[in-house]
Amino acid sequence: MSINDVVMSGNLVYDPKFSGGNGKVSRASFRIANTNRRKDAEGNWIDGDTLFIDVVCWRSLAEHVVESIGKGTSVVVTGRLKSRVVEPPGAASDSATPRWITYYEIEAASVGVNLARVATTIRTDKGPGAARQEDAALAEAADVMENNAQVA
């Protein structure tokens with residue numbers, strides 16, 4: 001774990017955007033929002049400030065994100081916090097000191113549905129080892145059927 005590893009929960013602001021395929025590395029990006037809520041003295045909920053943060057996923061995680069979640073889904077994201085500083089267009093020309101903008105994003109290591117908010121069914125993709133085991137079992141079953149052999 002490095003010092004810039006973060007865990008954040010929130011709701012997707014929009015459906016994940018996907019790019020890649022045709023030999024390019026798969027990439028998905030989305031934004032999550034998290035609003036702190038607290039109760040006042042009378043027991044009423046009060047919404048605090050909302051934090052918006054961009055999330056970027058790569059490779060198989062990107063493909064799974066696009067297939068599994070959409071706008072409004074409550075998620076938990078872990079990954080590395082990154083920042084980039086940019087000068088807004090026209091900032092240097094209209095002022096003596098440019099205003100710089102800092103953008104933050106999480107480069108996701110994992111994304112999961114927040115089970116505190118929603119129930120879900122988990123479907124796992126089979127890896128190559130599981131596929132080979134299934135193929136071997138099917139071949140053995142076919143051999144048994146063809147030879148009318150009995151299984152011990």
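This briefing walks through some strand pairings, one unusual backbone angle and a surface patch. Keep in mind that you're looking at a predicted model. Strand β5 is a good place to start: it pairs with β1 and also with β6.

**Strand pairing**
- Strand β1 covers residues 5–12, and it runs antiparallel to β5, residues 74–86, with 7 bridges linking the two.
- To find your way into that pairing, look at Met 8, whose bridge partner in β5 is Val 77.
- On to β6, which spans residues 101–113: this strand pairs with β5 over 12 bridges, again in the antiparallel sense.
- Here you can pick out Arg 80, which has Glu 107 in β6 as its bridge partner.

**An odd angle at Arg 59**
- Arg 59 isn't a glycine, yet its phi is positive, at about 55°.
- You'll find Arg 59 in helix α1, which takes in residues 59–68.
- Is Arg 59 buried or exposed? Arg 59 counts as exposed because its relative accessibility is 54%, and the cut-off for exposed is over 50%.

**A nonpolar patch on the surface**
- Three residues, Val 113, Leu 115 and Val 118, make up a nonpolar surface patch, and together they have about 230 Å² of accessible area.
- Val 113 also falls within the residue range of β6, 101–113.
- Leu 115 sits in the loop between β6 and α2, the latter being residues 128–147.
- With a relative accessibility of 59%, Leu 115 counts as exposed too.

Technical notes
Residues are numbered from 1 along each chain as its sequence is written. This is a predicted model: local features need pLDDT of at least 70, side-chain atom pairs count only at pLDDT 80 or more; totals for chains, interfaces and linings use all residues. Side-chain values use heavy atoms; hydrogens and water are left out. Two strands pair if DSSP finds at least two bridges between them. Helices (H or I, at least four residues) and strands (E, at least two) are DSSP runs, numbered from the N terminus. Buried means under 20% relative accessible area, exposed over 50%, partly exposed in between (1.4 Å probe, protein chains only). Patches are made of residues with over 30% relative accessible area and no salt bridge: like charges are joined within 9 Å, nonpolar side chains (Val, Leu, Ile, Met, Phe, Trp, Tyr) within 5 Å. Accessible areas come from the Shrake-Rupley method with a 1.4 Å probe; for residues, only the protein chains shown count as cover. A salt bridge is a side-chain nitrogen of Lys or Arg within 4 Å of a carboxyl oxygen of Asp or Glu.
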